Amino acid sequence: MPPKKSGQIRLPLSPLSLLVLLSLPVALCANVPPLSMQGREQTAPKPMGEAAEEELTARYWLRQGRAQVAARLERTQDTVTNGRRAKNINMMLGDGMSITTLTAARILKGQRQGHCGEESKLAVEDFPYSGLCKTYCTNEQAPDSACTATANLCGVKTSKGTVGQRASGETVESLSMWAHRAGKATGLVTTTRVTDASPAAAYAHVAKRREELEVARQLVEEQPGRHFKVILGGGLGKFNFERSDGRDLVQQWKSANPEGCYARSISELRDCVSSNGSILGLFSDSHMGFHLAQQAHKEQPSLSEMTAVAIERLSEPPDGYFLFIEAGRIDHGHHETRAGYALDETLECDAAIEMALRLTDPKETLIVVTSDHSHTLTMSGYAKRGTPILGMDQLQKDLNGVQYSTLNYAIGKWQSHGKDGRRENPGKTLTRTSLTPSYIPGFKGVHSGEDVAVFAIGPQSHLFGGIMEQNLLPHLMG
């Protein structure tokens, strides 16, 4: 055998291997036929930017979800012997809670406690299993909260702006409906309007997410919404004074739930704890206030307080429950490109997760924490350990010698430019509630399309590892 030349590995190619290599496309995403097919009659390639026709059907995503569940069960059967099923499920969603958001919030948490911050921990860091999920919808690379909510809660990917329906328009059932059919109690908690896109996918079916007046009607009149034992959040206007049909859906809910309790404030919610029926809490006319602005919203409960009331009420029936909990205003802070608001809302989510862990038994309750989509927040440069995460390292400068902040957005409202159009040091205006600098001017911050994190603890939590399609999550929970 001749000696090997340094730096070279020679592998003999059989005729079959050569044929396989020649059949590979030149570029994975290019519409270039394999070499072995060139010169032959071919079908027209799918136009770039269009989903395959089968992706527009619910059947495709449901079949795909079941196949992936089966594959994960087979993959883990030799390493996981615990076959318990969850009695209860808490699905907790941080809307817009990107991985950068989690990192920055962890640091802020530690710095609020007087530490450097980087060594701090969020509640999800003690969950035994984690993974990533892909957030695209059938017609968008970077999704909105409607199509992602349909994936997260109904197991079907759909088109942008669509709630509880497949891309072709047929309605699909949600985890809440599955749980109701299984005899479990159901409910939802959110800091947004209860008719906003993410919570709406738990019970509603509309072609356009903006149809919130119809979403409110479905929540009160149709199943599974009318069976919810707990509904807590904002959005009173969609139930009465914003309606043009003259209907008062709050009064209609009261009539349908004579033993129920209706709350408009934290004090009234606490009074509802002693009641026996369902609970409806609408604590603002629209979205609930940012936690950082709590002085202006003293009568609104926190996310962790609503979580505690919901879990305690849903734990009363013997057959278990499904509860959807959303920290929805993380996303709104990012759209405002005010990182301080987004990170504070993330820590409110962290507190709610800690509350859920305290009130549940991991032997019978599955808790899944995830996000619906990412945002363009970045954490850049070489800031020294302990640098205020909402501030800047004074030594970090660009090529022109101008200092820059640790956190920045790709697209947003404020570029920290002077009158001459040149970038200025943003340090003079940075506060915990100020705008955060961005590179590209925009009316607001925008979503981004990278994967988001998934964390799980409890029965069958071992299935929530690796990289997943977003619509797989409800199949694993259900």
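# Ring pairs, a disulfide and cavities

Trainee: In this predicted model, is Tyr-203 buried or exposed?

Mentor: The relative accessible area of Tyr-203 comes to 2%, and the cut-off for a buried residue is under 20%. Because 2% falls under that limit, Tyr-203 is classed as buried.

Trainee: How many aromatic pairs does the structure hold, and which kind do Tyr-203 and Phe-228 form?

Mentor: The structure holds 3 aromatic pairs. For Tyr-203 and Phe-228, the ring centres are 6.0 Å apart and the planes make an angle of 90°. Planes over 60 degrees apart are assigned to one class, so the pair of Tyr-203 and Phe-228 is described as edge-to-face.

Trainee: Which parts of the chain does that pair link, and how many residues apart are Tyr-203 and Phe-228?

Mentor: Tyr-203 belongs to the loop between α6 (197–200) and α7 (212–221), whereas Phe-228 belongs to the loop between α7 and β4 (230–234). Phe-228 is buried, at a relative accessible area of 1%. The pair thus links distant parts of the chain, with a separation of 25 residues.

Trainee: Which class fits the aromatic pair of Phe-290 and Tyr-341?

Mentor: The centres of Phe-290 and Tyr-341 are 4.6 Å apart, with 45° between the planes. Under 30 degrees the planes would count as stacked and over 60 as edge-to-face, so at 45° this pair is tilted.

Trainee: Where in the chain does each member of that pair lie, and in which helix is Tyr-341 found?

Mentor: Phe-290 is placed in the loop between β6 (279–282) and α10 (303–314), 51 residues away from Tyr-341. Both residues, Phe-290 and Tyr-341, are buried. The helix that holds Tyr-341 spans residues 339–359 and is α12.

Trainee: Which residue has its charged end over the ring of Phe-290?

Mentor: A comparable arrangement can be described elsewhere, where Lys-157 lies over the face of Tyr-136 at 3.8 Å from the ring centre. Over the ring of Phe-290, 3.9 Å from its centre, sits the charged end of Arg-329.

Trainee: What is the handedness of the disulfide between Cys-261 and Cys-272?

Mentor: The structure holds 1 disulfide, in which Cys-261 is joined to Cys-272 with an S to S distance of 2.0 Å. Cys-261 lies in strand β5 (residues 261–263) and Cys-272 in helix α9 (residues 266–272), so the bond ties together parts that are 11 residues apart in sequence. Cys-261 and Cys-272 are both buried. The torsion about their S-S bond is about -75°, so the disulfide is left-handed.

Trainee: How many cavities of 30 Å³ or more are there, and what volume has the largest cavity?

Mentor: The structure holds 2 cavities of 30 Å³ or more. Among the 13 residues that line the largest cavity, those closest to its centre are Ala-339, Leu-390, Leu-407, Leu-430 and Thr-436. By class, this lining has 6 nonpolar, 6 polar and 1 charged residues. The volume of the largest cavity is about 70 Å³.

Trainee: Which element gives the most to the lining of the second largest cavity?

Mentor: The second largest cavity has a volume of about 40 Å³, and its lining includes Met-97, Leu-102, Thr-346, Cys-349, Asp-350 and Ile-353. Cys-349 is buried, with a relative accessible area of 2%. The lining divides into 6 nonpolar, 1 polar and 1 charged residues. With 4 residues, the element that gives the most to this lining is α12.

Notes: Residues numbered from 1 in each chain as written. Predicted model: local features only at pLDDT ≥ 70, side-chain atom pairs only at ≥ 80, totals over all residues. Heavy atoms only, no water. Phe/Tyr/Trp six-rings, centres within 6.5 Å; stacked < 30°, edge-to-face > 60°. Helix = DSSP H or I, 4+ residues; strand = E, 2+ residues; numbered from the N terminus. Buried < 20%, exposed > 50% of the residue type's maximum accessible area, 1.4 Å probe, protein only. Lys NZ or Arg CZ within 6 Å of the ring centre and 35° of its normal. Disulfide = S-S within 2.5 Å. 1 Å grid on protein atoms, 1.4 Å probe; cavity = no way out; pocket = protein on both sides within 12 Å on 5 of 7 lines; lining within 4 Å. Points joined across faces, edges and corners; volume = space filled by probe spheres on them. Nonpolar A, V, L, I, M, F, W, Y, C, P; charged D, E, K, R; others polar.
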